[in-house]
Amino acid sequence: MRYLVFFIWHRLPKIFLIPLLPLSLIYFITILIRKYFLTYILSRYTSPINLIIVGNLNIGGSGKTPFTLWLANYLYAKEKKIGIISSGYKSNVTIPKQINSTSKANEVGDEALLLHSKTEAVVVSSDNRVNSTKFLDDKNLDYIIHDDGLQHYQLNRNYEFIITKYKSSSNKLLLPCGPLREPKFFHPNATFVFSNYHGEMYPGFYTKLSQIRSPYDSQVYLPNDSRFSKSYLLTAIADDTNLKEELRGYHADIICSSFIDHHQFILSDIPDTAEPILVTEKDFTKLKEFKVKNIYILEQSLVPNDKLTKIIENFR
């Protein structure tokens, strides 16, 4: 279904979208009323801590969580105390829960586990971002980062970062005619950041595969190691296109198995093979319980450009 929708948005001539225009107009009016109501009618919560919102306008993956990881670690290196809030999407979490080493993906969400494992931040997960923010307000933090919190207007924010894939789509229409959740003018004070971007003209970053790690013996390998010349790639992320392309640049014989984002794996989802099974760090948070010894974790690093780092350096 996901591939059919993206085919309609990005491959078919735009004339085929005309029947959907009335629905996009209704959707626009609905989100405009919602934004006005949440912004100007209901009271908005203002945290005593600097609040950073990271989000995107498009349906699909844009690099929000990798950016959140990098931002948290960058600020931590500047001796700042960081909190991160995740929504716990596709988990059972309701009240705010602080993530620890015993937390499980089905209880708090896979992204919350990843954020906890890859940063020194205090990570909290719940389906209510205002309550999560209040939970962190007394933790003596310098910044609270909301991963994927753009549309949560009941929170006042000090900084907004909107992550967009560079040259990702020529379709700039609202749902259901296109992939846009909101128009740009909803966020006049936001900083727009390009992902998958190697240039210097705009703030941006790209990610690259840095190493492949065995979670069981901690052995680390280069991406071009010959042991992975015939491998399986198992993913449940929003968009694995770039990852597939990068891996196939090292190893042509990669068999891919893709599930929808945040898919809760079961044992039968895992390829029955003795060959290496490559997974993302986020997906391993859900796969580690199966203790499959030929699973290897793909570790990626984020490379920011100078314009992006200068923006962060100017944080107060």
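In the predicted model, Cys 256 has a relative accessibility of 27% and therefore counts as partly exposed, since the partly exposed class lies between the 20% and 50% limits. Cys 177, by contrast, counts as buried because its relative accessibility is 1%, which falls under the 20% limit. The structure holds zero disulfides.

Helix H6, which spans residues 129-136, contributes a set of buried residues made up of Arg 129, Val 130, Ser 132, Thr 133 and Leu 136. When the helix is viewed down its axis, these buried residues fall within an arc of 160°, so they line one face of H6. An α-helix has 3.6 residues a turn, so residues three or four places apart point the same way. The buried residues of H6 pack against four strands, namely E1 (50-55), E2 (82-86), E4 (122-125) and E5 (143-147). At the N-terminal end of H6, Asn 128 acts as a cap, with a side-chain oxygen placed 3.1 Å from the backbone nitrogen of Val 130, a residue that is itself among those buried in the helix.

A further buried position is found in strand E7, which covers residues 191-195 and includes Ser 195. Ser 195 has a relative accessible area of 4% and is therefore classed as buried, this value being under the 20% limit. When neighbours within four places in sequence are set aside, Ser 195 is in contact with Ser 62, with Ile 163, Thr 164, Lys 165 and Tyr 166, and with Phe 205.

Key. Residues numbered from 1 in each chain as written. Predicted model: local features only at pLDDT ≥ 70, side-chain atom pairs only at ≥ 80, totals over all residues. Heavy atoms only, no water. Disulfide = S-S within 2.5 Å. Buried < 20%, exposed > 50% of the residue type's maximum accessible area, 1.4 Å probe, protein only. Helix = DSSP H or I, 4+ residues; strand = E, 2+ residues; numbered from the N terminus. Arc of directions from axis to C-beta. Contact = heavy atoms within 4.5 Å. Polar contact = N/O pair within 3.5 Å; in protein donor to acceptor, adjacent residues only side chain to side chain.
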